[in-house]
Each structure stands twice: as structure tokens, then as C-alpha cells.
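Hi,

Here's the structure I promised to pass along. Have a look at it first, and my notes follow underneath.

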Amino acid sequence: GLSMRSLGFREAPKRKTLRVRRRRTRVIAILALATFVVLSAYGVRALSYLPRFSIDRIEIAGTEAVEPELVRSFVETKLESGSFAFLSPRNIFFYPRGAIEATLREYVPRIESAKVSRESLLATAISVTVKEREAFARWCTRGFTESEGAAIECYAMDTTGYIFAPATTSARFATSYVFEDSIS
């Protein structure tokens, strides 16, 4: 047998099937979409770190017994997370407003509530307005030490019974009530 190939004739090239062409088109479309998404995400990340969209000033209001610098330094630490963040935590649109409000109350027990806001959409300053707890009454405990005998320690307590700070002799209380018990 003589075949067509041995005579120098080539077989007609096989046409790519419609299925193969569609698959290739889908793969190219998916790769193009993935590239677009990655480049868009990188663009948003780069924009989030621009100085014109970064918080550059922190204003503190409502403090009396709490040092404003303590509140400011706490907010600064929340804005400087210290670890890699895809979006800048200092960005005026993405800063952790809710986390600052919630954790500030935990960090400074004297603060009853905190509200973080900005004046306008593109403002680069944030305002932190705090409401401090009001001392309603004293809560005193008797501790015993070997050298002194009974030692009395007093703390400030608000109307809900939350003990939030050591009571000083100069502190003003809403009532003259003094509660006594152990704190535990």
C-alpha cells in the first residue's frame, strides 16, 4: 500500500472545532476579567494611601478628668495598626470609626461613650467627642494588710453601679452615698 502521505500529499489541516474555540474565548475572557479586578484592587489600594485622603489631625472634645492626649494617642494607635493593611487605616473613607468608639470605652473606663466624626466628606480631620462617666457615689472596700491593719480603698461609681476610677479626696460625687463591700 501506497498511501497519500507517501506521495507527498498533505492531509487537509483539521479545523478547530467550535467547542475548542469557545473554550479558548472563555479562558481569555476570564483572564482579562481577573487582570482587570487585580489592577482595579491595586488602584483602590494605592488611592487609599494618598496623603490627600489620609487623616492628618485628631480633635478631642468633652474631656474633663481624662487627659485629651491619652485619647489622642489611643486613636493614633488605632490608625497606625503596625501591620500590613490592604487599605490604609488612616484613609478618611475606611478608617475604623466603629472600632475606635467601642474600644476607647474599654481602654479608658472613665469614658462612658465616644463619637468619632468628620466635618465633611473630604475633611482630613476627625473629631472625637467623649462623654465621661459622672461620679454618683463612692464604693469603698476594706482590705487588710499586716502592717496597717484595715486599709480602706474607695472608687467612683456611676448611676449604673459601674466602678470606673479610684476616688480622690477632691472628686465631686452626685450623692453622699458610700457603698461598702468587696470588689470581685
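Let's start on the outside: Val44, Phe93, Phe94, Leu121 and Leu122 make up a nonpolar surface patch, and together they have about 500 Å² of accessible area. Keep in mind that this is a predicted model.

One of the patch residues, Phe94, sits in the loop that runs between helix 2 (68–79) and helix 3 (97–107). Is Phe94 buried or exposed? Somewhere in the middle: its relative accessible area is 42%, so Phe94 counts as partly exposed, given that buried means under 20% and exposed over 50%.

Now the sheet. It is an open one, built from 3 strands in the order 1-3-2, with mixed pairing. Strand 1 (57–61) and strand 2 (111–117) are the edge strands, each pairing on one side only. On average, neighbouring strands are turned by 20 degrees against each other, if you ignore direction.

As for how the strands are joined, strand 1 and strand 3 (residues 125–132) run parallel, with 5 bridges between them. If you want a spot to zoom in on, try Glu59, which stands opposite Ser127 in strand 3.

Then there are the helices on the sheet. Helix 2 packs on it and touches strand 1, strand 2 and strand 3; the direction of helix 2 makes about 140 degrees with that of strand 1. Helix 3 lies across strand 2 and strand 3, and it runs at about 165 degrees to strand 2.

That's what I have for now.

Cheers

Notes
Residues numbered from 1 in each chain as written. Predicted model: local features only at pLDDT ≥ 70, side-chain atom pairs only at ≥ 80, totals over all residues. Heavy atoms only, no water. Patch = residues over 30% accessible without salt bridge, like charges linked within 9 Å, V, L, I, M, F, W, Y side chains within 5 Å. Areas by Shrake-Rupley, 256 points an atom, 1.4 Å probe, with all protein chains shown as cover. Salt bridge = Lys/Arg side-chain N within 4 Å of Asp/Glu carboxyl O. Helix = DSSP H or I, 4+ residues; strand = E, 2+ residues; numbered from the N terminus. Buried < 20%, exposed > 50% of the residue type's maximum accessible area, 1.4 Å probe, protein only. Pairing = 2+ DSSP bridges. Axes fitted to C-alpha atoms, helices over the stretch in contact; angles between N-to-C directions. Contact = heavy atoms within 4.5 Å.
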